[in-house]
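Student: Got a minute to go through a structure with me? I'd like to talk it over piece by piece.

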Amino acid sequence: MTEKKILLALKNIDTASKKGFILEALLANYHLNVDLLKLIYTKTELSESANDKKIKAIISELAIEIDKNTKLKTVIAKKNLKIVKVWASKMDAFFKELKHKHPENTKSLFNETQKIFAVLNISAHKIFSA
């Protein structure tokens, strides 16, 4: 994940949302947030790869690692991880609902996903600038 990839993904998300494809924009933003979480996870001193892990496992391991690693505290705060964990739970519920019917909370979830992106993007910029 590089800054160019983030900008390209943001451009695709913006285009989809302007055209009214909120579900497509939500999914693209979700994948971008997951990639940013994996980027943050790879910068920790954990030896395992983030590619084969689920989001909640990554968040839990990051929360544990924040207590141990003081450098990680400067990248992402534990309170921000709590917000991300709540968002991940909402997204899981959204995907389960999507299997059975068209969810009605797509727009509000998209707005919340953008807020989560802002938090993760700040952390990513701290990693890129280091």
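Tutor: Sure. Bear in mind that this is a predicted model. Let's begin with helix H3: its buried residues pack against helix H2 (22-42), helix H4 (70-75) and helix H5 (78-100).

Student: Which residues of H3 are the buried ones?

Tutor: They are Ile55, Ile58, Ile59, Leu62, Ala63, Glu65 and Ile66.

Student: And what span should H3 have, going by its residues?

Tutor: H3 covers residues 55-68, so that's 14 residues, and at 1.5 Å a residue the helix should span 20 Å. The C-alpha atoms at its ends are 20 Å apart, which agrees.

Student: Pick one of those residues for me. What is Ile58 in contact with?

Tutor: Setting aside neighbours within four places in sequence, Ile58 is in contact with Leu37, Lys38, Tyr41, Ala50 and Lys53. Its relative accessible area is 1%, so Ile58 is buried.

Student: How far is Ile58 from Tyr41, C-alpha to C-alpha?

Tutor: 6.9 Å in space, with their positions 17 residues apart in sequence.

Student: What about Leu62, what does that one touch?

Tutor: Not counting residues up to four places away in sequence, Leu62 touches Leu37, Ile40, Tyr41, Thr44, Leu72 and Leu81. Leu62 also shows up in the largest nonpolar core, which has 38 residues: Leu36, Ile40, Leu62 and Leu120 touch the most other members there.

Student: Which elements give two or more residues to that core?

Tutor: H1, H2, H3, H4, H5 and helix H6 (106-129). H2 gives the most, with eleven residues.

Student: Let's switch to aromatics. How many aromatic pairs are there?

Tutor: The count comes to three. One of them is Tyr30 with Phe95, an edge-to-face pair at 5.0 Å centre to centre, with 75 degrees between the planes.

Student: Where do Tyr30 and Phe95 lie?

Tutor: Tyr30 is in helix H2 and Phe95 is in helix H5, so the pair ties together parts that are 65 residues apart in sequence.

Student: Buried or exposed, those two, or partly exposed?

Tutor: Tyr30 has 12% relative accessibility, under the 20% cut-off, so Tyr30 counts as buried. Phe95 comes out at 24%, so it counts as partly exposed.

Student: And how are the rings of Phe94 and Phe95 placed?

Tutor: Their centres are 5.7 Å apart and their planes sit at 65 degrees, so that pair is edge-to-face. Phe94 is buried, with a relative accessible area of 1%.

Student: Which residues make up the aromatic cluster?

Tutor: Tyr30, Trp87, Phe94 and Phe95 form one cluster.

Student: OK, charges next. How many salt bridges does the structure hold?

Tutor: Five. Take Lys18 and Asp14: the closest N and O atoms of that bridge are 3.3 Å apart. Both residues lie in helix H1 (residues 3-18), four residues apart, about one turn of the helix.

Student: How accessible are Lys18 and Asp14?

Tutor: Lys18 is exposed, at 69% relative accessible area. Asp14 is at 36%, so Asp14 counts as partly exposed.

Student: What does Glu61 form a salt bridge with?

Tutor: With Lys53, the closest N and O atoms being 2.8 Å apart. Glu61 counts as partly exposed at 24% relative accessibility, whereas Lys53, at 19%, counts as buried. Lys53 is also among the contacts of Ile58.

Student: Huh, a buried lysine. Why does 19% count as buried?

Tutor: Because the cut-off for buried is under 20%, and Lys53 is at 19%.

Student: And Asp67, which residue does that one bridge to?

Tutor: Lys78, with the closest N and O atoms 2.9 Å apart. That pair links distant parts of the chain: Asp67 is in helix H3 and Lys78 is in helix H5, eleven residues apart. Lys78 has 33% relative accessibility, so Lys78 counts as partly exposed.

Student: Last one: Asn29. Buried or exposed?

Tutor: Buried, with a relative accessible area of 2%. Asn29 is found in helix H2.

Student: What is Asn29 in contact with?

Tutor: Leaving out neighbours within four places in sequence, Asn29 is in contact with Ile13, Phe110, Thr113, Gln114 and Phe117.

Student: And how far is Asn29 from Lys96?

Tutor: Their C-alpha atoms are separated by 18 Å, and the two residues are 67 apart along the chain.

Methods:
Residues are numbered from 1 along each chain as its sequence is written. This is a predicted model: local features need pLDDT of at least 70, side-chain atom pairs count only at pLDDT 80 or more; totals for chains, interfaces and linings use all residues. Side-chain values use heavy atoms; hydrogens and water are left out. The expected span of a helix is 1.5 Å times one less than its number of residues. Buried means under 20% relative accessible area, exposed over 50%, partly exposed in between (1.4 Å probe, protein chains only). Contact means heavy atoms within 4.5 Å. Rings of Phe, Tyr and Trp (its six-membered ring) pair if their centres lie within 6.5 Å; planes under 30 degrees apart count as stacked, over 60 as edge-to-face and the rest as tilted. A salt bridge is a side-chain nitrogen of Lys or Arg within 4 Å of a carboxyl oxygen of Asp or Glu. A nonpolar core is a set of buried Ala, Val, Leu, Ile, Met, Phe, Trp, Tyr and Cys residues joined through side-chain atoms within 4.5 Å.
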